[in-house]
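Biologist: Could you walk me through one small part of this protein? I am new to reading structures, so please take it step by step.

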Amino acid sequence: MSIIKEVIKNFFSKPSTIEYPRKAEIPVEKDFRGEFYADLKKCTGCTLCALECPARAIEMKKLPENIKLKHNPRGLYPVVNYMTCVYCYRCVRVCPVDAFITTPNYKLSSVKEVYSEEKTLKTLGMG
């Protein structure tokens, strides 16, 4: 008898979980580790972030031919694979020039690989 009572009670109660992505705006904590990407105005292409990444989610790529940065003589920049990343932010902490821009954006789910390349190139006004 108590089971029937419990079923009826739960049938008319509100859901205990948030329907994502239907209820898109879910508040996150201030220090939430979300999407991040390199600021090419600061990045020196030292590759330290890629070397320290425990998930090997960062690949160093060559800058496009038309971009020459004085502070980045090797012309390399980090591209993060968000599907491989474990969001430990080790790359953010080891960067000697604080080149990573961090955001609380968690909406990165996708059926295909998602990379930081486009946002990183936009830091130079490209992309």
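Which residues make the nonpolar surface patch of about 510 Å²?

Modeller: Happy to take a close look with you, and please keep in mind that this is a predicted model. The patch is made by four side chains you can pick out near the start of the sequence: Ile4, Ile8, Phe11 and Phe12. Together they give a nonpolar surface patch of about 510 Å².

Let's begin with Ile4. You will find Ile4 in helix α1, which covers residues 2-12. Is Ile4 buried or exposed? Its relative accessible area is 52%, and because exposed means over 50%, Ile4 counts as exposed.

Now step back to see where that helix belongs. The protein has four helices and four strands. Reading from the N terminus, the elements follow the order α-β-α-β-β-α-β-α.

The overall outline is worth a look too. Along its principal axes, the C-alpha trace spans about 75 × 25 × 25 Å. The radius of gyration is 21 Å, whereas a compact globule of 127 residues would have one near 14 Å.

Finally, here is the setting for the patch as a whole. The accessible surface of the protein comes to about 9,200 Å², and carbon and sulfur atoms account for 57% of that surface. Buried residues make up 33% of the 127 residues. As for contacts with a separation of 6 or more, 76% of them join residues 24 or more positions apart.

Key
Residues are numbered from 1 along each chain as its sequence is written. This is a predicted model: local features need pLDDT of at least 70, side-chain atom pairs count only at pLDDT 80 or more; totals for chains, interfaces and linings use all residues. Side-chain values use heavy atoms; hydrogens and water are left out. Patches are made of residues with over 30% relative accessible area and no salt bridge: like charges are joined within 9 Å, nonpolar side chains (Val, Leu, Ile, Met, Phe, Trp, Tyr) within 5 Å. Accessible areas come from the Shrake-Rupley method with a 1.4 Å probe; for residues, only the protein chains shown count as cover. Helices (H or I, at least four residues) and strands (E, at least two) are DSSP runs, numbered from the N terminus. Buried means under 20% relative accessible area, exposed over 50%, partly exposed in between (1.4 Å probe, protein chains only). The radius of gyration is taken over C-alpha atoms; the globule rule is 2.2 Å times the number of residues to the power 0.38. Contact means heavy atoms within 4.5 Å.
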